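The exercises below are to be worked with the sequence and the model side by side. Each task is followed by a solution that goes step by step.

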Amino acid sequence: MNAVRRTTRSLPGLLFLALALALVALTAPAPRAVAATGVSAVADALRKNPVYVDPAAAAQLSTADADALARQIKDADKPLFVAVLPAGYPTKDLFTNLRTATGVTGLYAVRLGDRFDARADSSVLPRTAVQNLVTSVQGESAKAQLTDFTGRALTNMGGKAPASWGGGGTGGSGVSSTALIALGAVVVAGGAGAYALVRRNRRRHEEEQRAALDRLRVVVDEDITAFGEELDRLDFHPAEPGADDAMRTDYERALNVYEQAKSAMAAARRPEDVRAVTQALEDGRFALAELAARREGRPLPERRPPCFFDPRHGPSVTDATWTPAGGAPREVPVCAADATRLADGHDPAVREVDTDYGRRPYWDAGPAYGPWAGGYFGGGILPGLLIGTALGGWMSAPAYAADYGTGYGDFGGLDTAGYQGGDVSGADFDPGDFGSFGGGDFGGGGDFGGGGGDSGDFGGGF
């Protein structure tokens, strides 16, 4: 009986305790699930702003740093999307789902915990360039990694920012800050003395361009001569037995390229004019490769970039891992002979050119060789291949863009779907065109956080 009384007396206390615990449970902040923000919410945020930082990952990138990154992307007017997500965020098909939900053609970069990876539509940046950019920033802190990746990507990628972001850093005035600064400089500089200074600088700039073109002319003439020798060795006659219209078309295309290259080089007045010459030679060598395949009854070759080590080797047949001196490993397109050399542990047959310090590989020879290389490696692939080399560094600098332009990044021809960077394509992109990632793990590029397969374009998760 006493025991019953004691239990009865304690019931109010127990009820009070239970009510107190329930109140605490209702008012205390619920523990945040690492995947509380769905892909649709992330995509919706990215359609409004280029940088999204999940609340659960706020410690990785401050609001001020995220805002600065967003301003940089908007000012560059490029379709670069950056998402910072917590470490436990689900990674299966993350890139494909994010690209589908966002619906905008572009380059997507994700920092997930301490891991980082990126994918891009091929009209914006080719797979090899994406892979090399990702490799170049591995192991850095969140702020440094995203800042470095953004700076390098904006230099290399194509396309325009989506209209949903609004204006960039011009304040909607329609006049860029660069133009305003230039106008102010002209007004302040006025007078005869300033005019003389401008003329002197212009004259010096023209002399430097002439010197760069003269140096380039030697290399391009070697390329034209080598292509002419290939035509001589071809031993093909349009009327020979077995020749058909397709063979004659390939042969005529190659002959036209030879004449076109000679005329274009003779008419070149600036270093950037050389790009049209080497672009034509690249097309001519592919025509010869097609002609050879038809004559031998082989399948027609895939259209690939020329051999990275020396474009005179002709179209590449595969990609191979190569590490420049003092740089990071990257995948480069190679011809069959250089692929064999690398597989056997030997050095590839590298194209060297004359410099003030003797013969050097073209990627270590100076900024003037950018237009020459850009004609061979168009479509945005070149900057990614050259990250960590002297030429790659020069090409990323504003001074290079001012002198030689950014013509090496001609992205339009790669967009088979018809959408350029920044266009709203919705789900209209083909994951099969971007490679398979097997399992959809974060970091499908081998060194990019795990998983297997290729890195660069959409086609799976991380």
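A charge is taken to sit over a ring if NZ of Lys or CZ of Arg is within 6 Å of the ring centre and within 35 degrees of the ring normal. The model is a predicted one, in which local features need pLDDT of at least 70, side-chain atom pairs count only at pLDDT 80 or more, and totals for chains, interfaces and linings use all residues. Residues are numbered from 1 along each chain as its sequence is written, and side-chain values use heavy atoms, with hydrogens and water left out.

**Exercise 1.** Find the residue that lies over the face of F286.

Solution. By the rule above, the residue is R303, which lies at 4.4 Å from the ring centre of F286.

**Exercise 2.** Determine which elements have the lowest and the highest mean pLDDT, the predictor's confidence in each residue, from 0 to 100.

Solution. Begin with the whole protein, which averages a pLDDT of 75, with 66% of the residues scoring at least 70. Then take the elements, where helices (H or I, at least four residues) and strands (E, at least two) are DSSP runs numbered from the N terminus: helix α1 (residues 2-27) has the lowest mean, 47, and strand β1 (residues 51-53) the highest, 96. Finally, over residues 1-12 the pLDDT is below 50, and this stretch has 0 contacts beyond near neighbours in sequence, a contact being heavy atoms within 4.5 Å.

**Exercise 3.** Establish the strand order of the open sheet and say which strands stand at its edges.

Solution. Two strands pair if DSSP finds at least two bridges between them; the 4 strands then follow the order β1-β2-β3-β4, with mixed pairing. β1 and β4 (115-120) each have a single partner strand, so one side of each is left without a neighbour in the sheet. As for the partner of β4, strand β3 (residues 107-112) pairs with β4 in the antiparallel sense over 6 bridges, and A109 has A118 in β4 as its bridge partner.

**Exercise 4.** Describe the aromatic pair of F81 and W165, and explain which parts the pair ties together.

Solution. Rings of Phe, Tyr and Trp (its six-membered ring) pair if their centres lie within 6.5 Å, with planes under 30 degrees apart counted as stacked, over 60 as edge-to-face and the rest as tilted. With 5.2 Å centre to centre and 65° between the planes, F81 and W165 are edge-to-face. F81 lies in strand β2 and W165 in the loop between α6 and α7 (177-189), so the pair ties together parts that are 84 residues apart in sequence. Both residues, F81 and W165, are buried, that is, under 20% relative accessible area, where exposed is over 50% and partly exposed in between (1.4 Å probe, protein chains only).
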